[in-house]
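Me: I am new to this structure and would like to understand how its descriptive labels are earned. Could you take my questions one at a time and set each value against the rule behind it?

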Amino acid sequence: MRVTALVAAAGRGTRLGEPIPKAYVQLCGRSLVERSVAAIERSEAVDDIAVIVSEDMMAYARELFRRAKSAGRIRSDVEFIVGGGERIDSVWEGMRRMPEDGVVLVHDAARALTPPGMIARVVRAVVGGSDAVIPVVAVADTIKEVSGTVVTGTPDRSSLRAVQTPQGFRLPLLRRAYEEHFGRPADEALHATDDASLVERLGEPVHVVQGDPMAFKVTTPLDLALATQIAEEAESTEFEISGE
């Protein structure tokens with residue numbers, strides 16, 4: 001069963017406050033997207049990798065990966081796909097170029113320190129028979145439901161999980177979920193913040209595997225500072241983030 005990873009890197013990431021799109025911001029001389037692709041390679045669980053980029057960054061991305069491959073930091077012949085206006089449009093563009101069957105991983109380039117072992121764990125679960133798999137971690141904070149300035153409820157934290165990527169699916173299932181989403185009128189479309197939400201709307205089960213704290217998403221300057229510190233310490237000690 002062929003496994004293809006789609007790496008979403010077409011967003012601007014304005015909350016990070018950097019002058020270039022977030023996927024190209026560097027940690028110790030290597031961009032977030034480059035580190036994400038390298039982790040997928042090291043998982044040894046993926047056959048093909050496609051990076052979804054905005055049209056205006058296509059030439060930049062190609063040159064970035066040409067240099068990374070020349071320097072031996074990347075081994076794969078990465079495919080580049082022009083994304084859409086929103087993340088959901090970008091992933092759909094990627095899926096449209098894939099074969100009819102197989103396994104698809106959807107990964108956010110901003111989760112640049114995701115351990116290869118966690119990526120392999122998601123793939124094993126899908127290949128093993130779970131058609132939709134997401135990595136999750138326990139929620140540490142108390143969560144409140146709020147309307148305006150008033151608290152309306154406090155969900156039981158023991159049943160809550162924070163969701164990470166990559167999320168893995170049998171391709172026919174995720175394609176069906178996207179087709180159902182795009183087939184709805186605009187006022188009925190689900191505001192999906194992840195791919196699994198679309199599968200849930202079909203009534204299909206989504207299974208979970210253990211995520212990893214290192215798979216956090218670089219969104220704010222504080223996240224970037226933390227990721228930079230971790231990357232610097234890992235390189236200075238030759239420590240490899242495996243996630244096993």
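Me: What makes helix H3 and helix H5 oblique to each other?

Reply: In this predicted model, the axes of H3 (residues 87-95) and H5 (residues 171-182) come within 11 Å and cross at roughly 130°. Angles from 65 to 115 degrees count as roughly perpendicular and those over 145 as roughly antiparallel, and an angle of roughly 130° falls in neither class, so the pair is called oblique. The crossing of H3 with H5 is left-handed.

Me: Which residues of H3 and H5 meet, and how do they divide into nonpolar, polar and charged?

Reply: From H3 come Ile88, Asp89, Val91, Trp92 and Met95, and they meet Leu171, Leu174, Arg175, Tyr178, Glu179, His181 and Phe182 of H5. The residues of this contact divide into eight nonpolar, one polar and three charged.

Me: Why are H1 and H4 called oblique to each other?

Reply: The axes of helix H1 (residues 32-43) and helix H4 (residues 116-127) come within 8 Å and cross at roughly 60°. Roughly parallel would need an angle under 35 degrees, and roughly perpendicular would need 65 to 115, so with roughly 60° the two helices are oblique. H1 passes H4 in a right-handed crossing. On the H1 side the contact is made by Ala39, Ile40, Arg42 and Ser43, and on the H4 side by Pro116, Ile119 and Ala120; the residues involved are five nonpolar, one polar and one charged.

Me: What makes H1 oblique to H2?

Reply: H1 packs with helix H2 (residues 58-70) at an angle of about 50°, and their axes are 11 Å apart. Since about 50° is neither under 35 degrees nor in the range of 65 to 115, H1 is oblique to H2. This crossing, too, is described as right-handed. Val33, Glu34 and Val37 of H1 are in contact with Leu64, Phe65 and Ala68 of H2, and the residues of that contact comprise five nonpolar, no polar and one charged.

Me: How do you know whether tyrosine 24 is buried or exposed?

Reply: Tyrosine 24 has a relative accessibility of 3%, and because buried means under 20%, the residue counts as buried. Tyrosine 24 is placed in the loop between S1 and S2. Leaving aside its neighbours within four places in sequence, tyrosine 24 is in contact with Ala9, Ser31, Val33, Val53, Met57, Tyr60, Ala61 and Leu64.

Me: Is leucine 16 buried or exposed, and what does it touch beyond its neighbours within four places in sequence?

Reply: The relative accessible area of leucine 16 is 3%, which is under 20%, so leucine 16 is buried. Leucine 16 lies in the loop between strand S1 (3-8) and S2, and beyond its neighbours within four places in sequence its contacts are Lys22, Val25, Val218, Thr219, Thr220, Pro221 and Leu224. Although leucine 16 and proline 221 are 205 residues apart along the chain, their C-alpha atoms are separated by 5.4 Å.

Me: Why is serine 54 called buried, and what joins its side chain to aspartate 56?

Reply: With a relative accessible area of 13%, serine 54 is under the 20% limit and is therefore buried. Serine 54 sits in the loop between strand S4 (48-53) and H2. A polar contact of 2.6 Å joins the side chains of serine 54 and aspartate 56, a separation within the 3.5 Å limit for such a contact.

Me: Why are glutamate 44 and cysteine 28 given different exposure labels?

Reply: Glutamate 44, at 72% relative accessibility, is over 50% and so counts as exposed, whereas cysteine 28, with 31%, lies between 20% and 50% and is therefore partly exposed. Glutamate 44 is in the loop between H1 and S4, and cysteine 28 is in the loop between strand S2 (26-27) and strand S3 (30-31).

Me: What is notable about phi in these two residues, and which peptide bond is cis?

Reply: Most residues other than glycine have a negative phi, and most peptide bonds are trans. Cysteine 28 has a positive phi near 50°, and glutamate 44 has a positive phi of about 55°, although neither is a glycine. The cis peptide bond joins threonine 165 and proline 166, with omega about 15°, and proline 166 is in the loop between strand S10 (161-163) and strand S11 (167-170).

Note on methods: Residues are numbered from 1 along each chain as its sequence is written. This is a predicted model: local features need pLDDT of at least 70, side-chain atom pairs count only at pLDDT 80 or more; totals for chains, interfaces and linings use all residues. Side-chain values use heavy atoms; hydrogens and water are left out. Axes are lines fitted to C-alpha atoms, for helices over the stretch in contact, and angles run from 0 to 180 degrees between N-to-C directions. Helices (H or I, at least four residues) and strands (E, at least two) are DSSP runs, numbered from the N terminus. A crossing is left-handed if the near helix is turned anticlockwise from the far one by less than a right angle, and right-handed if clockwise. Contact means heavy atoms within 4.5 Å. Ala, Val, Leu, Ile, Met, Phe, Trp, Tyr, Cys and Pro count as nonpolar, Asp, Glu, Lys and Arg as charged, and the others, Gly among them, as polar. Buried means under 20% relative accessible area, exposed over 50%, partly exposed in between (1.4 Å probe, protein chains only). A polar contact is a pair of N or O atoms within 3.5 Å; within protein, one must be able to donate a hydrogen and the other to accept it, and residues adjacent in sequence count only if both atoms are side-chain atoms.
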